[in-house]
There are 2 protein chains.
Amino acid sequence: MRVLLVEDDQFHASYMEDVLAETLPEVTEIFHAVNGEEAEHEARALSIDAVVMDLRMSTRNGIEAARTLWTERPETRILFWSNYADEAYLRGIAAIVPEDSAYGYLLKTAPRDRLKLALRAVLVEGQIMVDREIHRLQRRAASPRNTLDDSEFAVLLDLALGLQDRTIAERRGMSLRTVQNRLLSLYEKLGVDAERDPDMPLNKRVRALNRALVTRTLNMETLETAQRDLDRWKAGQRKRAG
Amino acid sequence: MRVLLVEDDQFHASYMEDVLAETLPEVTEIFHAVNGEEAEHEARALSIDAVVMDLRMSTRNGIEAARTLWTERPETRILFWSNYADEAYLRGIAAIVPEDSAYGYLLKTAPRDRLKLALRAVLVEGQIMVDREIHRLQRRAASPRNTLDDSEFAVLLDLALGLQDRTIAERRGMSLRTVQNRLLSLYEKLGVDAERDPDMPLNKRVRALNRALVTRTLNMETLETAQRDLDRWKAGQRKRAG
DNA sequence: AGACCTGTTGCGGGTTCCCGCACATGGTTT
DNA sequence: AAACCATGTGCGGGAACCCGCAACAGGTCT
């Protein structure tokens, strides 16, 4: 098996290489990449079976790289290996994983045993595996019923990009009023309403983005990825109109 | 000399310990902490002379911990050691460093030699030292004259928290119109104006926050720290009013 | 001194946003 | 079938926001 290790931190990379060699005898070769762009090139050139992928990297993040990899070779098995348990990452992965693809999500703080287990389960056995810690942290402490559904999340992304209601409505194929209803429930679920204070009224739009970031519902990588999606959509719009 | 190493990543911690032992014979003891809170307690209990501090940590970030440390012992020498060259970190540090205190800011990707040099310069010699890479990245590629001055940055923080113009004016002691002028120049300097597109008008407020994040003028830690400052101010307000 | 630049402030008006109210649709419960 | 939700939509109004215009203060250059 040919494994690609995508990791920009040399210490973590050599640790992972170590564990890989120790755990998986079926691995014949290990290749390296230090960012998402390199990962895409190497996977293309080297016909890679399995990938261990860091998420936060400089020029191109792990989710975008994974999207490219899976587009070109949907059967690639990818273990995401990250420092952070952000909901944003899970949503990003869930949005791009192909039918029947194997993947896993493990925290870097996971003990060596659990890492070994995940490597075997995902890369060799083709299972799906998400670190227990991540699901635990996922349960938000705040009010109940605060899980965003997909359409709310889509509106949240557009809000975060700075789109106006009208544009969101157009892009998502909703009426203006419906977009505003989504915003209402976002304000509710993100806890913007709960902070209401007559002495200090808030700008709900900005506050919603703030809360989404602080609760790790969104993160920086999400914003960058969403921006690229928006640019693509905008290009499509222009073509359709012109 | 007693050194406190604040670092939540075990690999980086042991690497740093290694380099410390090799480089600084005047170090008699090395203590550890894995987050900002622990760092504050240990520094208080152990009378620490010098600190190596990671910035991004779980329960309390490096900047807040440093503020506490410096409040209690302004002569403490701190080398910040981070993965990221965010402008937000530099601003955060600049805002809390006491007169005549020694500090440094080094990237984790810095080669071992440069790390050694920085350790000696900051912790032993008491110099101020900022990684060249960081200043280089600081020069924004966009339009010229886009450096925020302090009052613009303050308004940006308030905007990011979701405050309304009126509240910002009150908090910063400006008139409403002056706040709006600051916002205008923020929109200009963050490139919100430059993106103007008649087909897709933006919500400038949200877009400004988005741009500030993407350009690393703000980051998550900034938001959290600013929120705590706001809470303190709000408590003060309440006392003054009641 | 006079011209000039920069930063602060008030006023006014057009736009966007927030959201209550009302109504329609479609699925579920009783 | 009737009652009942959840969701999508239109209308309307008050609040917040964006910003051009104009005035004024303080500092700098000629």
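A polar contact, for today, is a pair of N or O atoms within 3.5 Å. Please keep that one in mind, everyone, and remember as we go that this is a predicted model.

Let's begin with DNA strand C. A phosphate oxygen of this strand sits 2.3 Å from an N or O atom in the side chain of Thr178(B). Ser175(B) also reaches a phosphate oxygen of strand C, this time through a backbone N or O atom, at 3.0 Å. And what does Gln180(A) meet on strand C? Its side chain brings an N or O atom to 2.8 Å from a base nitrogen. The elements giving two or more residues to the surface near strand C are helix H8 (165-172), H9 and helix H10 (204-214) of chain A, together with H9 of chain B. Which of these gives the most to that surface? H9(A) does, with five residues.

Stepping back a little, 17 residues surround DNA strand C, and the closest are Arg177(A), Lys204(A), Thr178(B), Asn181(B) and Arg182(B). If you look at the strand's own atoms within 4 Å of the protein, sugar and phosphate account for 64% of them. Sorted by class, the protein surface here has seven charged, six polar and four nonpolar residues.

Now let's turn to DNA strand D. Here, too, there are 17 residues around the strand, and those that come nearest are Thr178(A), Asn181(A), Arg182(A), Arg177(B) and Lys204(B). Two of those names are worth a closer look on your screens. Lys204(B) places a polar side-chain atom 2.4 Å from a phosphate oxygen of strand D. Arg177(B) goes to a base instead, with a polar side-chain atom 2.7 Å from a base oxygen. What about Arg177 of chain A? An N or O atom in the side chain of Arg177(A) is 3.2 Å from a base nitrogen of strand D.

For the elements on this side, at least two residues each come from helix H9 (176-189) of chain A and from helix H8 (165-172), helix H9 (176-189) and helix H10 (204-214) of chain B. The largest share of the surface near strand D is five residues, and H9(B) supplies it. Of the strand D atoms within 4 Å of the protein, 63% belong to sugar or phosphate, with the rest in bases. The class count near strand D reads four nonpolar, six polar and seven charged residues.

Let's leave the DNA and talk about rings. A pair of aromatic rings is described by the distance of the centres and the angle of the planes. Over all chains, the count is eight aromatic pairs. One of them joins Trp70(A) and Tyr103(A), edge-to-face, at 6.4 Å centre to centre with 75° between the planes. That pair links distant parts of the chain, 33 residues apart: Trp70(A) is in helix H3 (residues 62-72) and Tyr103(A) in strand S5 (residues 103-107). Are these two residues buried or exposed? Both Trp70(A) and Tyr103(A) are buried.

In chain B, Trp70(B) pairs with Phe80(B): the ring centres are 6.1 Å apart and the planes stand at 75°, so this pair is edge-to-face. Trp70(B) lies in helix H3 (residues 62-72) and Phe80(B) in strand S4 (residues 77-82), so the pair ties together parts that are 10 residues apart in sequence. Why do we call Trp70(B) buried? Because buried means under 20% relative accessible area, and Trp70(B) has 3%. Phe80(B), at 0%, counts as buried too.

Rings also meet across chains, with Phe11(A), Tyr15(B) and Trp81(B) linked into a cluster by ring pairs. Trp81(B) has a charged neighbour as well, since Lys108(B) lies over its face at 5.2 Å from the ring centre. In chain A, the charged end of Lys108(A) sits over the ring of Trp81(A), 5.2 Å from its centre.

One last stop: Arg56(B), in the loop between strand S3 (50-53) and H3 of chain B. At 13% relative accessibility, Arg56(B) counts as buried. Its side chain makes a polar contact of 3.3 Å with the side chain of Tyr84(A). Among the residues that Arg56(B) touches are Arg56(A), Arg216(A), Asp8(B) and Glu221(B). Glu221(B) belongs to helix H11 (residues 220-241) of chain B and is buried, at 5% relative accessibility. Leaving out residues up to four places away in sequence, Glu221(B) touches Arg56(B), Asn61(B) and Tyr89(B).

That's my tour, thank you all for listening!

Terms used. Residues numbered from 1 in each chain as written. Chains lettered and ligands numbered in written order. Predicted model: local features only at pLDDT ≥ 70, side-chain atom pairs only at ≥ 80, totals over all residues. Heavy atoms only, no water. Near = heavy atom within 4 Å. Polar contact = N/O pair within 3.5 Å; in protein donor to acceptor, adjacent residues only side chain to side chain. Helix = DSSP H or I, 4+ residues; strand = E, 2+ residues; numbered from the N terminus. Nonpolar A, V, L, I, M, F, W, Y, C, P; charged D, E, K, R; others polar. Phe/Tyr/Trp six-rings, centres within 6.5 Å; stacked < 30°, edge-to-face > 60°. Buried < 20%, exposed > 50% of the residue type's maximum accessible area, 1.4 Å probe, protein only. Lys NZ or Arg CZ within 6 Å of the ring centre and 35° of its normal. Contact = heavy atoms within 4.5 Å.
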